[in-house]
Amino acid sequence: MKRLPSLSVFTLAFVLTGCGEESDQLPVDGREFDGVEYSQSSVYTGKVIDGYLNNARVWLDMDGDSQYTAGPLTITLDNGSDVVLESGEPTAMSGPGGAFSLDVSELSVDPVVGPDLDPRDYPLIALAIPGQTLEETRAGDVVITDAFMMSASPGLRNVTPLTTLARFRGLAGLPEGAGDDLDASLVDLNLVRDYVLAGDEQAHAYARALARFMASQLPREYGDLLAAPGSDGTERYLSPQAAFLLGISLVQNANQVIGVVDEAANGDYANVDVTALTLPEVPLELSDPALLTKQRIFAQPERSGTLPTNLSDLLLSAEISFDYSEDGRIQSVSAEGCLAPSMPELARLVSVGGYVANLGTQWLPSAALSAQSRINFDNAGIDERLEFDWANNRIYFETTTTCHDQEGIFAGSSELGGSPEVTYSWTMQDGSLTELIAQIPQPGGGTLVRTLEPLTTNATTGFPGYRLSEEGAEQESLAFNEVLTDCTVAPAAVGMDLVVSASQAYDFSGYSPQPATFVDLVLEFDARAFAYPGPQDSLTVRRPLRYGFLDPASASLTNVESDGSLEWAMFYPPVGGEAFVAAQPNLIEEAYLRKYNSGLVCGRAFEEQQAGAFARVEYQYEALSEYLVGLLQ
């Protein structure tokens, strides 16, 4: 493994005891001495502080995974040579006053191999162990009941909640020192010093509140593991991504925590009862899933004037942004240009509580074909938005456009933020969606009501059928008349990136008379097993490739030439390719809205993109951690 570079969060001023002299005494702020005068000894000392923490596990995180790594541990030097630490990462338990001493003698390297490993190049991690770690307080030692983890940037030797905040601010790319995003109460604080020794009651109160917040976010299973008999704090549980997410959440919520302390203190920080504070409760999704964050919709002909058109003739007509909470739950969808809100798709999303990663495809493609989408897209600003109110079982759709007039949805204002143009609500029974209702105010008064009922018979997980009614009269329905069935892959298709290897027939009713070519309806899948990541491994994908539907409303647009029968064709990165996400192999890369094609054979290689299309949709994903860091910057 590569040695991690030194990351400093705040400007680190180095302290000398005198010209050419060294000292074992740490400065109050726990910062390292001048590197010119530093000479490596066999111990590396520091303090663990909430109040001072006695019997906390401390280690140098030399492999960057935020968990203690036992030996033998191989570190790769910059010159390519390997150094083996037989004892693993230097570790120790803190003692009275939070003091610790790490044995770093194994970091000395034979000069023939390369330079010594410098402990100042690695962050320190400290873990408070429930039932074992003691916090030293004015009233005596208090046993820690809830585990929490702290860290300090390379070179710092005080490990506190405030150094944890400082470190992750730096890792998130936030400016050193006080940034505009930092609460005013923190601006003048030294986040890296021993605030107990300095008698800084304000910093101490903040630190204790931040420690309690960090404890609330640590996974319960990890806390139980650390609280079990025989635990010594070396147990591994968190992935590097999970540890990073915990730190980024601390950065995101620090201002709110500080605000709670300030309000309770009213200037008297010494007497704040941190245990009585109501701190924010912020759930996290520590698996760090990839999430759909943007779509680019190409659905405007540049030269032909009508759809469908050649792919090279399609112009960008909308950009869609997806916003999430820290647990990966969708909060809003915003469009520059026009959305195409779909009740079946919203029903799929509601069925998983808004956690899009639980839907393999996350968000099936949709596109507004109205020429107004491009016109609105050319004007800066958000034109349409879906807002999700999960606490009250509501979704609100707002628009400032005329893109949906043909669907009976009319903009009530030229600005967002007023009464929604559509309010969706739903009911659940035994954890399953039973009904999704859309209430659509009409210009002349009254409300148009549309109702969707899931049809689950024979349905493949994540793809239920449905019945959609308007004012009580059935408008359309999709019902599966058989289960998903595998088929034999044609010899010529074996080994191709995308193959139709399974299909499921369905009936689509409504909009009579239907076009004569709208027959042989099947939902097509690539449902193969791949030898991935190695020849002896097996990874099964279930990728929906194609499905047809009727859309008379879009067909009625003056810029659209269609009998209303359409299909979405979806494409994916090759298994093992650059854009492939092994943990989530069913993420759509792009999709095409085309004329419906019937009579295609199961077992074939999935056809290349056709020359003509009504729309093309590009998908962009980010890991949850990347998305949250982006919100901070």
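A pocket, as the term is used here, is an open set of grid points with protein on both sides within 12 Å along at least five of seven lines. The model on display is predicted, and the tour begins with one such pocket.

**The second largest pocket**

Select Asp50, Glu135, Thr137, Arg208 and Val274: of the 32 residues lining the second largest pocket, these are the closest to its centre. The pocket has a volume of about 710 Å³. Next, colour strand 9 (134-137), strand 10 (140-143), helix 3 (195-198) and helix 4 (201-217), the elements that give two or more residues to this lining. Helix 4 gives the most, with eight residues. Colouring the lining by class should show 15 nonpolar, eight polar and nine charged residues.

**The largest cavity**

Keep helix 4 displayed and add strand 11 (148-152), helix 1 (161-171) and helix 6 (240-265); each of these four elements supplies at least two residues of the lining of the largest cavity. Helix 6 gives the most to that lining, with four residues. To centre the view, select Met149, Thr164, Ala243, Leu246 and Gly247, the closest to the cavity centre among its 16 lining residues. The volume is about 170 Å³, and the lining consists of ten nonpolar, five polar and one charged residues.

**The second largest cavity**

Move to the second largest cavity, which holds about 70 Å³ of space. Its lining includes Gln295, Ile297, Cys338, Trp363 and Leu386. The lining has ten nonpolar and two polar residues, and no charged residues.

**A three-stranded open sheet**

Now select strands 7, 1 and 12, which form an open sheet in that order, with mixed pairing. Strand 7 (99-103) and strand 12 (158-159) stand at the edges with a single partner strand each, so one side of each has no neighbour in the sheet. Strand 1 (residues 43-48) runs parallel to strand 12, and two bridges join them. Label Val48 to find one of these contacts: its bridge partner in strand 12 is Val159.

**Strand 33 and its partners**

Finally, select strand 33 (residues 615-623), which pairs with strand 13 (residues 290-301) in the antiparallel sense over eight bridges. Which residue of strand 33 is the bridge partner of Ala290? Labelling the pair shows that the partner is Ala623. Add strand 31 (residues 590-595), which also pairs with strand 33 in the antiparallel sense, over four bridges. On strand 31, Tyr592 stands opposite Arg616 of strand 33.

Notes. Residues are numbered from 1 along each chain as its sequence is written. This is a predicted model: local features need pLDDT of at least 70, side-chain atom pairs count only at pLDDT 80 or more; totals for chains, interfaces and linings use all residues. Side-chain values use heavy atoms; hydrogens and water are left out. Two strands pair if DSSP finds at least two bridges between them. On a 1 Å grid over the protein atoms alone, a cavity is a set of points where a 1.4 Å probe fits but cannot get out, and a pocket is an open set with protein on both sides within 12 Å along at least five of seven lines; lining residues have an atom within 4 Å of a point. Grid points are joined across faces, edges and corners, and a volume is the space filled by probe spheres set on the points. Ala, Val, Leu, Ile, Met, Phe, Trp, Tyr, Cys and Pro count as nonpolar, Asp, Glu, Lys and Arg as charged, and the others, Gly among them, as polar.
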